Amino acid sequence: MDNVLEGIDYNVTLAPETPGMLLAGGILALSVFIVMFIVIKKRWKGRVLPFFLALVTFTFVRIFAMLAESALMLVPSIDAAFEYNPSALTVVDVLLSAVGYIAARWVVSNILIERFERQGDVLLAGLGLGFGDAMLFGFTLVSNYVWCIAVDTGSLAQAFEGLTESEALTTYLSLQELFYAPAILWLLMGVSTVIDMVLHILLTTVIFGVAKKQVPSVWHAICGVIYIGVIIPFQMYDYTSITSIMICFAVKLVIFAAAAYYISKNVFNSIQYED
């Protein structure tokens, strides 16, 4: 590439640990998903259809969130706020996703009633929503690993060959975390993905209880708040600071543990399943 665009450091290199941590995070998330799927299917006799039903429902959650964000961006002042403060867009995405998941869990739970009421069916439905969320991490991981290979086998300038100046700059900005974040971030993202999958299982189980009128309907709102509280902290870190990353992850972990403990002690015993 003949031009050296202002703002792009073509001499940037990857930390030696980054590709390995990318793989470790992905393998961890995938392995835990497979184990959970098999255990739920064998131990609680879960059927596959609720899993795929929830996975399909997840696509509508993402479509809703993206359409709502696009509509908000039609307002010039909001679009400018998102451009100059990407964290604002992240928060809005989490809030919209929380609303979408409230509706998704309700729809899925009502479909399960009188059709798929085994405990394993409900758990697999929750895992289906969680797996949909995990796929987003998977797509990011695969894309970043491809860029790792491209940069390691050549240089950033060679990897950007064929791109226009604006495309090169946009791509470079999208890869900032890959180049400048501590490698441990990618492993923590894998752990965070596992937490999110378990979270979806817990919240779907609660809403199944609401749909069966065994749990108070106020849990719709509580589940939304729990989702936001667990997801947002690990979205707000400074990727250049390992201290910021660890603090945000610790906050997420503490909120998740507290929510899981409370739900398991105060809600799960109220829910009746089909044998």
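Q: A crossing of two helices is called left-handed if the near helix is turned anticlockwise from the far one by less than a right angle, and right-handed if it is turned clockwise; in this predicted model, which hand does the crossing of H1 and H9 have?
A: The two elements concerned are helix H1, residues 18–43, and helix H9, residues 184–211, which pack with their axes 6 Å apart. By the convention just given, a clockwise turn of the near helix is the right-handed case, and the crossing of H1 and H9 is right-handed.

Q: Are H1 and H9 roughly parallel or roughly antiparallel?
A: The axes of H1 and H9 meet at an angle of about 20°. Because angles under 35 degrees count as roughly parallel and those over 145 as roughly antiparallel, the arrangement of H1 relative to H9 is roughly parallel.

Q: How many charged residues take part in the contact of H1 with H9?
A: On the H1 side the contact includes Met21, Leu22, Leu28 and Phe33, while on the H9 side Trp186, Leu187, Val194 and Ile201 are among the contributors. Sorted by type, the residues of this contact comprise 17 nonpolar and four polar ones, and the number of charged residues is none.

Q: Is Ser192 of helix H9 buried or exposed?
A: Ser192 sits in helix H9, and, leaving out residues up to four places away in sequence, Ser192 touches Phe234, Phe249 and Lys252. Its C-alpha atom is also separated by 8.4 Å from that of Leu253, a residue 61 places away along the chain. Since the relative accessible area of Ser192 is 7%, this residue is buried.

Q: Which residue, 144 residues apart from Leu156 in sequence, has its C-alpha 7.4 Å from that of Leu156?
A: Leu156 belongs to helix H6, which spans residues 156–159, and with a relative accessible area of 1% Leu156 is buried. Beyond four places in sequence, its contacts include Ile8, Asp9 and Tyr10, as well as Val151, Tyr172 and Phe179. The residue at the stated sequence separation and C-alpha distance, which Leu156 also touches, is Val12.

Q: With the side chain of which residue does the side chain of Glu117 make a polar contact at 2.7 Å?
A: Glu117 lies in the loop between helix H4 (86–112) and helix H5 (119–153), and Glu117 is buried at a relative accessible area of 10%. Its side chain reaches the backbone nitrogen of Glu114 at 2.5 Å, whereas the contacts made beyond four places in sequence include Arg47, Phe208, Tyr273 and Glu274. The partner in the side-chain to side-chain polar contact at 2.7 Å is Lys212.

Q: What is the phi of Lys45, which is not a glycine?
A: Lys45 is placed in the loop between H1 and helix H2 (48–73). At 52% relative accessibility, Lys45 counts as exposed because the threshold for that class is over 50%. Although Lys45 is not a glycine, its phi is positive, at about 55°.

Q: What is the relative accessible area of Lys213, a residue that has a positive phi of about 60°?
A: Lys213 occurs in the loop between H9 and helix H10 (219–231), and it carries its positive phi although it is not a glycine. Lys213 is classed as exposed, for its relative accessible area is 75%.

Notes: Residues are numbered from 1 along each chain as its sequence is written. This is a predicted model: local features need pLDDT of at least 70, side-chain atom pairs count only at pLDDT 80 or more; totals for chains, interfaces and linings use all residues. Side-chain values use heavy atoms; hydrogens and water are left out. Helices (H or I, at least four residues) and strands (E, at least two) are DSSP runs, numbered from the N terminus. Buried means under 20% relative accessible area, exposed over 50%, partly exposed in between (1.4 Å probe, protein chains only). Contact means heavy atoms within 4.5 Å. A polar contact is a pair of N or O atoms within 3.5 Å; within protein, one must be able to donate a hydrogen and the other to accept it, and residues adjacent in sequence count only if both atoms are side-chain atoms. Axes are lines fitted to C-alpha atoms, for helices over the stretch in contact, and angles run from 0 to 180 degrees between N-to-C directions. Angles under 35 degrees count as roughly parallel, over 145 as roughly antiparallel, 65 to 115 as roughly perpendicular and the rest as oblique. Ala, Val, Leu, Ile, Met, Phe, Trp, Tyr, Cys and Pro count as nonpolar, Asp, Glu, Lys and Arg as charged, and the others, Gly among them, as polar.
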